[in-house]
Amino acid sequence: METQPTFFESEYSQPLAARLRPKSLDEFCGQKHLIGPGKILRRLIESDNIGSMIFWGPPGVGKTTLARIIAHTTKSKFIDFSAVTSGIKEIKQVMAEAENNRRFGERTILFVDEIHRFNKAQQDAFLPFVEKGSIILIGATTENPSFEVNGALLSRCKVFVLQALATSDLVTLLNRALTDKRGFGDEKVTIDPELVEAIATFANGDARSALSTLEMVVLNGDVSENGITVTKETVENCTSKKSLLYDKGGEEHYNLISALHKSMRNSDPDAAVYWLARMLEAGEDPLYIARRVTRFASEDVGLADPRAIEISVAAYHACHFIGMPECAVHLTQAVIYMSLAPKSNAMDVAYNAAKSDALTRLAEPVPLVIRNAPTRLMKELNYGKGYEYAHDTADKLTTMQCLPDDLLGREYYRPTDEGLETRFKDRLKQIKDWKNKHKKDK
């Protein structure tokens, strides 16, 4: 739970990120899609009409800060509760306090950080108090709440997705820290705008990381009677990420991932490993690279080598488990595997073709034969009539129509002759030949 600072702790003994914590929506940086003028969350806060909610987003984007602002704006008691250090006993104690507050007309906002770490029993302990209004629950999670939060609790909460901060947002935040008296406004700090942008880029969307890095470079800056000067060398020494300092506006970030992707696509493992090293040594998030490699495994390899997706996902989990610098070798293994694997873009082509039809034919009805019929009325309307269960047939195949009438005969997946995809091509031909033959026989 939240603790209050002691008499001996001054405001300026706190880290920069804590000192600059926004106290109002106007000070809050980023998330304009939620709290910009007229946006849904801002309207709910300003109309004092908030309910229980889940904030889902990466670290350092303001989940805790936004919860505090909501409590302050709506004049609610704020209780900060950690899923890491608390169990059911602590939950019951806090709920008793909240219920007591309610009797005296005071609303309680219970902020639960890392709510995904609670088990089912712990999450269930919140339910009765959320239902009767003893608390307004605000949970924060970096994991997909659809998988990590109990359905019963999730159904009572509105999910808001918070996004990683843009480099421009972080530059604004860092410049505020340099001029605000809560930050370094009284220190006369001199720092090149390009270095501020480099620090923002290095933070990779994380405001807390950006402010911590700024604090480090200022405290290690060159002190003179004219104030503090932060040099390029100071930033390099504090971050150990020299190569980030050439990044202008984040373009190089996209250039490098493009170079990695295209080197793997061109079956050039040496170039791919080089670009991988450039990204990692520049401070790129290894999980970001692993996600892009996973995309490549299906977009550019696909069924030409079905193991590619397994290798890429395994590399992602390895990066998650041990982080840098150890996980560099796992990413190297995945990148070289992708480079040497046979290539097929049939998955990407198939989906984009289907997507085009789906977007232009949203009203196409599902054929009656493959609709479920859980009620008598649906059965009377011929839902599921004539459905053939493929497992009950000798060949495990039927001639049943699964596409809408207007799309009958449309082909999306067109396998190539690369790698193992030749097997899938042969199998698909066998299936189509069987269906054509048996349709004629009917």
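In what order do the five strands of the open sheet with parallel pairing lie? The order is 2-3-4-1-5, and this sheet is a good place to start a tour of the model.

## About the model

The structure is a predicted model, in which local features need pLDDT of at least 70 and side-chain atom pairs count only at pLDDT 80 or more, while totals for chains, interfaces and linings use all residues. Residues are numbered from 1 along each chain as its sequence is written, and side-chain values use heavy atoms, with hydrogens and water left out.

## Overall picture

The protein has 21 helices and eight strands. These elements are DSSP runs numbered from the N terminus: helices are H or I with at least four residues, and strands are E with at least two. The radius of gyration is 28 Å, well over the 22 Å that the globule rule gives for 442 residues, so the protein is more spread out than a compact globule. (That radius is taken over C-alpha atoms, and the rule is 2.2 Å times the number of residues to the power 0.38.) Along its principal axes, the C-alpha trace spans about 95 × 65 × 40 Å.

Of the 442 residues, 41% are buried; buried means under 20% relative accessible area, exposed means over 50%, and partly exposed lies in between, with a 1.4 Å probe and protein chains only. The protein exposes about 24,500 Å², and carbon and sulfur atoms supply 52% of that area. Such areas come from the Shrake-Rupley method with a 1.4 Å probe, and for residues only the protein chains shown count as cover. Among contacts with a separation of 6 or more, 72% are between residues 24 or more positions apart, where contact means heavy atoms within 4.5 Å.

## The five-stranded sheet

Back to the parallel sheet with the order 2-3-4-1-5. Its edges are strand 2 and strand 5 (158-161), each of which pairs on one side only; two strands pair if DSSP finds at least two bridges between them. Neighbouring strands here are turned by 20 degrees against each other on average, direction ignored. Helix 5 (residues 88-103) packs on the sheet and touches strand 2 and strand 3, with its direction making about 175 degrees with that of strand 2. For such angles, axes are lines fitted to C-alpha atoms, for helices over the stretch in contact, and the values run from 0 to 180 degrees between N-to-C directions.

Strand 3 (residues 108-113) is mostly covered, as five of its six residues are buried. Six bridges join strand 3 to strand 2 (residues 77-82), and the two run parallel. Asp-80 has Phe-111 of strand 3 as its bridge partner, and Ser-82 has Asp-113. Toward strand 4 (residues 136-141), strand 3 makes four bridges, again in a parallel run; there, Val-112 is partnered by Gly-139.

## The three-stranded sheet

A second open sheet holds three strands in the order 6-8-7, and its pairing is mixed. Strand 6 (189-191) and strand 7 (222-224) are the edge strands, each pairing on one side only. Its neighbouring strands are also turned by 20 degrees on average, direction ignored.

Strand 7 and strand 8 (residues 227-230) run antiparallel and share three bridges. Val-223 has Ile-228 of strand 8 as its bridge partner.

## Unusual backbone spots

Most residues other than glycine have a negative phi, and most peptide bonds are trans. Gln-31 is a non-glycine residue with a positive phi of about 60 degrees. Gln-31 sits in the loop between helix 1 (16-19) and helix 2 (32-35) and counts as buried at 6% relative accessibility. Ser-267 also has a positive phi, of about 55 degrees, without being a glycine. Its loop lies between helix 14 (251-265) and helix 15 (269-281), and Ser-267 is partly exposed, with a relative accessible area of 38%.

There is also a cis peptide bond between Met-324 and Pro-325, with omega at about 5 degrees. Pro-325 belongs to the loop between helix 17 (307-322) and helix 18 (328-340).

## A link across the sequence

Where does the side chain of Arg-19 reach? Its target is the backbone oxygen of Arg-182, at 2.8 Å. This is a polar contact, a pair of N or O atoms within 3.5 Å; within protein, one must be able to donate a hydrogen and the other to accept it, and residues adjacent in sequence count only if both atoms are side-chain atoms. Arg-19 and Arg-182 are 163 residues apart in sequence, yet 5.9 Å apart in space, C-alpha to C-alpha. Arg-19 itself lies in helix 1 and, at 7% relative accessibility, counts as buried.
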